[in-house]
Amino acid sequence: MSEELAKRKLLSALCHGSIFFSATVVSIGIPIAILFISDDATIQSNAKEVLNFHLNIWLYGIIFGILTLIIIGWLLLGILGIFTLIMPILAIIQVLSDPNKIFRYPFIFRVL
């Protein structure tokens, strides 16, 4: 395996796994830092996808938190929690198995 491919695997997996480090600044700071230090288009695309995922999770969390006032929010927050746990794991598995492919999270809108 080439050094560039190993670097692509590591940095892409680190971006997607950053959500497990913290739910605050650290989880979004890692993909931002990788976005700026890397010149690889695949790594940058994965970092942007992760940033979009984090923004969506925060937005949905706020909306579903408000919806807890009418009970349905509790169910939606539970689903969001499961989604937040499973999707990054699937992303890490995909970027480690095929580092040339960009993982696209389903059900999110892309700002970046």
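Helices here are DSSP runs of at least four residues, numbered from the N terminus. The model is a predicted one, and what follows starts with its charged pairs before turning to the nonpolar core, helix 2 and two unusual backbone angles.

Helix 1 covers residues 3-17, and within helix 1 Arg-8 and Glu-4 sit four residues apart, so about one helical turn separates them. Their side chains meet in a salt bridge, with an N to O distance of 3.4 Å. The two ends of this pair have quite distinct surroundings: Arg-8 has a relative accessibility of 11% and counts as buried, whereas Glu-4, at 51%, counts as exposed.

Arg-8 has a further partner. Its side chain also meets that of Asp-40 in a salt bridge, this time at 2.7 Å, N to O. Here the link runs between distant parts of the chain, since Asp-40 belongs to the loop between helix 2 (25-37) and helix 3 (41-67) while Arg-8 is in helix 1, 32 residues apart. Asp-40 and Arg-8 are both buried. Put together, Glu-4, Arg-8 and Asp-40 form a network of salt bridges.

The structure has four salt bridges in total, and another of them joins the side chains of Arg-110 and Glu-49 at 2.8 Å, N to O. Arg-110 comes from the segment after helix 4 (72-97) and Glu-49 from helix 3, so this pair ties together parts of the chain 61 residues apart in sequence. Glu-49 is buried, with just 1% relative accessible area, while Arg-110 is partly exposed at 33%.

On the nonpolar side, the largest core holds 24 residues, and those touching the most other members are Ile-34, Phe-53, Met-87, Phe-103 and Tyr-105. Helices 1, 2, 3 and 4 each put at least two residues into this core, with helix 3 giving the most, seven residues. Met-87 shows how parts of the chain come together: setting aside neighbours within four places in sequence, Met-87 is in contact with Phe-53, Phe-103, Tyr-105 and Pro-106. As a rule, nonpolar side chains in soluble globular proteins tend to be buried together.

Helix 2 makes a neat case of a two-sided helix. With 13 residues at 1.5 Å a residue, helix 2 should span 18 Å, and its end C-alpha atoms are indeed 18 Å apart, so the two values agree. Its buried residues are Ser-27, Ile-28, Ile-30, Pro-31, Ile-34 and Leu-35. Looking down the axis of helix 2, these buried residues fall within an arc of 150°, so they line one face of the helix. That buried set packs against helix 1 and helix 3. Turned away from the buried side is a face carrying the exposed residues Val-25, Phe-36 and Ile-37. Ile-34 thus turns up twice, among the buried residues of helix 2 and among the core residues that touch the most other members.

Finally, two backbone angles deserve a mention. Most residues other than glycine have a negative phi. Ile-71, though not a glycine, has a positive phi of about 70°. Ile-71 is in the loop between helix 3 and helix 4 and, at 62% relative accessibility, counts as exposed. Phe-107 likewise has a positive phi, near 65°, and is a residue other than glycine. Phe-107 lies in the segment after helix 4 and is exposed, with a relative accessible area of 72%.

Notes
Residues are numbered from 1 along each chain as its sequence is written. This is a predicted model: local features need pLDDT of at least 70, side-chain atom pairs count only at pLDDT 80 or more; totals for chains, interfaces and linings use all residues. Side-chain values use heavy atoms; hydrogens and water are left out. Buried means under 20% relative accessible area, exposed over 50%, partly exposed in between (1.4 Å probe, protein chains only). A nonpolar core is a set of buried Ala, Val, Leu, Ile, Met, Phe, Trp, Tyr and Cys residues joined through side-chain atoms within 4.5 Å. Contact means heavy atoms within 4.5 Å. The expected span of a helix is 1.5 Å times one less than its number of residues. The arc is that of the directions from the helix axis to the C-beta atoms.
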